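Hi,

Here is the structure I promised to pass on. Have a look at it first, and then read my notes below.

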Amino acid sequence: TYPFIIVWNPVVYSESISIFFMLLSFWLLLSKGKYRYYLSGLFISLAILNRPQVALLVPFIPLYILYQYGWFKKIAIKYVFQFSLLVVIVYGSWPLRNYVNHNKIILTQDLRGAPNWNEDVISFMQYIYSVKAEWEPQFSNILHNKEVSFPENAYTSKEDSLKLEKAIHLCKTCGSGFSHWQGYWKKPIVGKNCNKEIKELFTELRDSQIKNNPVNFYLKVPLQNLKKALFKTNLNDTDSSIRKWASLLFFYRTFLILIGFAGAVLFIRHKKPEWLLVFAFPVLLYLA
């Protein structure tokens with residue numbers, strides 16, 4: 001019943017299966033089976049391995065169990081242990097594997113493993129999300145070697161303006177990460193690049209944004225993200241008619257989200273502990 005799976009399948013496929021595992025974990029949690037807490041821990045761990053943000057749910061499930069059976073009852077502690085044991089074994093195998101094989105504690109993923117997600121692109125993304133909630137049209141303009149302009153608050157000083165102009169020029173000409181994205185204006189860059197210099201510039205620019213535009217960074221951009229999460233109404237690329245029709249699906253998405261919040265309110269009104277799972281997760285996801 002979620003049409004995005006049809007029109008946005010290359011991106012949504014991991015979300016689809018993670019949501020399936022998450023709902024299966026909930027279903028088992030609310031069932032009467034003998035091994036329900038072991039199985040709930042198993043499937044929530046599989047959901048996390050597909051979409052890391054599901055991990056934000058994990059603390060609430062033990063809280064739900066303790067609330068349901070009594071905070072200091074032996075049976076509640078037993079069930080929390082069963083759930084937690086499977087999370088440690090199944091999900092914990094991933095960071096353990098990373099530590100054993102690479103001597104790094106990586107809890108989710110390291111995007112730099114892909115050539116198009118090198119430190120130049122990541123630092124650009126971290127910078128622009130300190131200025132605004134979208135990286136378009138600036139990102140596409142870099143790829144196509146077009147003029148790139150930013151909102152007025154990006155130019156906090158003459159020094160920052162010059163740094164930003166230099167960083168964008170380097171992104172266009174010698175950022176290897178940018179060069180591996182589809183649509184880049186010349187051949188991909190292999191070997192010598194200026195990724196470190198780009199990262200340093202964007203890190204300094206981001207720090208300047210936090211210092212000089214704290215209201216924008218801590219309030220306005222997060223509110224833009226909230227609007228995008230709940231009420232986004234169009235895709236960035238709407239050149240084709242099918243993309244325009246796809247944009248209408250955002251209204252359906254908003255409808256589903258609002259129904260979810262309505263369900264959470266009903267749980268709270270009827271004093272059902274399930275509100276911890278339904279309501280706390282999206283709130284914590286937004287805050288994170």
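Helix 11 is where I'd start: with 18 residues at 1.5 Å a residue, it should span 26 Å, and its end C-alpha atoms are indeed 26 Å apart, so the two agree. Bear in mind that this is a predicted model.

Which residues of helix 11 are buried? Asn195, Ile198, Leu201, Phe202, Leu205, Ser208 and Gln209 are. They cover an arc of only 155 degrees around the axis, so they sit on the same side of helix 11. Lys196, Glu200 and Lys211 are exposed on the other side of the helix. As for partners, the buried residues of helix 11 pack against helix 7, helix 9, helix 10 and helix 12.

Just past that helix comes Asn213, in the loop between helix 11 and helix 12 (214–231). Asn213 counts as buried because its relative accessible area is 18%, under the 20% cut-off. Leaving aside residues up to four places away in sequence, Asn213 touches Asn153, Thr156 and Ser208.

Now the cores. The largest nonpolar core has 29 residues, and those with the most contacts inside it are Phe124, Tyr127, Trp135, Phe150, Leu164, Phe178 and Phe202. Helix 7, helix 8, helix 9 and helix 11 each supply at least two residues of this core. Tyr127 is a good one to click on: not counting residues up to four places away in sequence, it touches Phe150, Ala154, Leu164, Phe202, Leu205, Arg206 and Gln209. There is also a second, separate core of 28 residues, with Leu28, Tyr64, Ala76 and Leu277 among them. For background, nonpolar side chains in soluble globular proteins tend to be buried together.

On to the cysteines. How many disulfides does a search of the whole structure find? It finds one, joining Cys174 to Cys194 with an S to S distance of 1.8 Å. You may want to keep that value in mind if you set up the bond yourself. The link of Cys174 and Cys194 is right-handed, with 95 degrees about the S-S bond. It connects distant parts of the chain, 20 residues apart: Cys174 is in helix 9 (residues 158–174), while Cys194 is in the loop between helix 10 (176–179) and helix 11 (195–212). Both Cys174 and Cys194 are buried. Cys171, on the other hand, is in no disulfide, and the nearest cysteine sulfur, that of Cys194, is 7.7 Å away. Cys171 has 0% relative accessibility, so it counts as buried too.

Last, some backbone details. Most residues other than glycine have a negative phi, and most peptide bonds are trans. Where does this model depart from that? The peptide bond from Glu136 to Pro137 is cis, with omega near 5 degrees. Pro137 lies in the loop between helix 7 (119–128) and helix 8 (138–143).

Asn103 has a positive phi, near 55 degrees, and lies in the loop between helix 6 (93–102) and helix 7. Is Asn103 buried or exposed? Its relative accessibility is 57%, so it counts as exposed. Lys271 also has a positive phi near 55 degrees, and is found in the loop between helix 13 (241–269) and helix 14 (275–278). At 70% relative accessibility, Lys271 counts as exposed.

Cheers

Technical notes: Residues numbered from 1 in each chain as written. Predicted model: local features only at pLDDT ≥ 70, side-chain atom pairs only at ≥ 80, totals over all residues. Heavy atoms only, no water. Disulfide = S-S within 2.5 Å. Helix = DSSP H or I, 4+ residues; strand = E, 2+ residues; numbered from the N terminus. Buried < 20%, exposed > 50% of the residue type's maximum accessible area, 1.4 Å probe, protein only. Core = buried A, V, L, I, M, F, W, Y, C linked by side-chain atoms within 4.5 Å. Contact = heavy atoms within 4.5 Å. Expected span 1.5 Å × (residues − 1). Arc of directions from axis to C-beta.
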